[in-house]
Amino acid sequence: MTNVLHAPNIPHLDRMFSVSDSGVRFAPNNASTLRKMFARFSEDKTIESKVSQARKARDKSLAQTPPDQEPDLKEYDTLKNQLGAMYPSVMLDGGSREEHIRAYSGLVCVDIDGKDNPSKPLSEIADILESIPYTLAFCESVSGDGFMAFFGCPSSDKHEATLNAIKHELHETGVV
């Protein structure tokens, strides 16, 4: 794995990372920044429509599944994968596994799932994320039951330490 430092003079919102227009099962084929991704999310109404379709498929499957069984989320997964995928922490070359990391972006993305935090309403989790001074941005996950939260990282050799510090701080607030 490489430890290429990000350019410290580039604001976190403008740091480049890999994206796959075809979803997580395909090698990244593009690059973006948080600023560009959030602009795209707010401008492109087809994304909102696709997210809505995926949530409806998930909700339908959950509603039709008896409590003692696992839901069949194939339709939801298919629709979710059509949204593409982003890899905010890294630039990748040739695939999405660790051996394909070419550089670190200087961003740490934390996935916070509602199912892992059943005693915390999403509004409370959002308040906690807003109260952390180094939260760059966060948005609702495709399922609608959690968040993707973005944080800055001082350097690529501090990526894992930064992730662990963020996880620890969230844990102190009761967020898994």
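**Entry 1: salt bridges**

A salt bridge is a side-chain nitrogen of Lys or Arg within 4 Å of a carboxyl oxygen of Asp or Glu. I wanted that straight before opening this model, which is a predicted one. Side chains of opposite charge can pair when their charged atoms come close. How many salt bridges does the structure hold? I found six.

One of the things I looked up was a network: salt bridges link Arg 58, Asp 59 and Asp 145. I checked the Arg 58 and Asp 59 pair, and the N to O distance came out at 3.9 Å. That passes, because the cut-off is 4 Å. Is Arg 58 buried or exposed? Arg 58 counts as buried, at 15% relative accessibility. Its partner Asp 59 has a relative accessible area of 44%, so I wrote Asp 59 down as partly exposed.

Next I went to Asp 14, which forms a salt bridge with Arg 35. Their closest N and O atoms are 2.6 Å apart. Why does this pair tie together separate parts of the chain? Asp 14 sits in the segment before strand 1 (17-20) and Arg 35 belongs to helix 1 (residues 34-43), so the bridge joins parts 21 residues apart in sequence. Both ends are partly exposed: Asp 14 is at 28% relative accessibility, and Arg 35 has a relative accessible area of 45%.

I also noted Lys 120 and Glu 124, whose side chains meet in a salt bridge at 2.9 Å, N to O. Lys 120 is buried, with a relative accessible area of 16%, while Glu 124 is partly exposed at 32%.

**Entry 2: helix 2**

Arg 58 turned up again when I listed the buried residues of helix 2: Ile 47, Val 51, Ala 54, Ala 57, Arg 58 and Ser 61. Why do these line one face of the helix? Looking down the axis of helix 2, I see its buried residues fall within an arc of 125°, so they line one face. The general rule helped me here: an α-helix has 3.6 residues a turn, so residues three or four places apart point the same way.

What do the buried residues of helix 2 pack against? They pack against helix 1 and helix 3 (74-81). On the other side of helix 2, I found Lys 45, Glu 48, Lys 56, Ala 63 and Gln 64 exposed.

I checked the length too. Helix 2 (residues 45-64) has 20 residues and spans 29 Å from first C-alpha to last, close to the expected 28 Å.

**Entry 3: the whole chain**

Zooming out, I counted five helices and eight strands in the protein chain. From the N terminus, I wrote the order as β-β-α-α-α-β-β-β-β-α-β-β-α.

For overall size, I looked up the radius of gyration: the chain has 17 Å, which agrees with the value near 16 Å for a compact globule of 176 residues. Along the principal axes, the C-alpha atoms fill a box of roughly 50 × 35 × 30 Å. Buried residues make up 38% of the 176. Of the contacts between residues at least 6 apart in sequence, 58% join residues at least 24 apart.

**Entry 4: confidence**

Last, I looked at pLDDT. The chain's mean is 88, and 95% of its residues reach 70 or more. Where does pLDDT stay under 50? It does so over residues 1-5, for which the model has 17 contacts beyond four places in sequence.

How values were computed:
Residues numbered from 1 in each chain as written. Predicted model: local features only at pLDDT ≥ 70, side-chain atom pairs only at ≥ 80, totals over all residues. Heavy atoms only, no water. Helix = DSSP H or I, 4+ residues; strand = E, 2+ residues; numbered from the N terminus. Buried < 20%, exposed > 50% of the residue type's maximum accessible area, 1.4 Å probe, protein only. pLDDT = per-residue confidence, 0-100. Contact = heavy atoms within 4.5 Å. Expected span 1.5 Å × (residues − 1). Arc of directions from axis to C-beta. Rg over C-alpha atoms; globule rule 2.2 N^0.38 Å.
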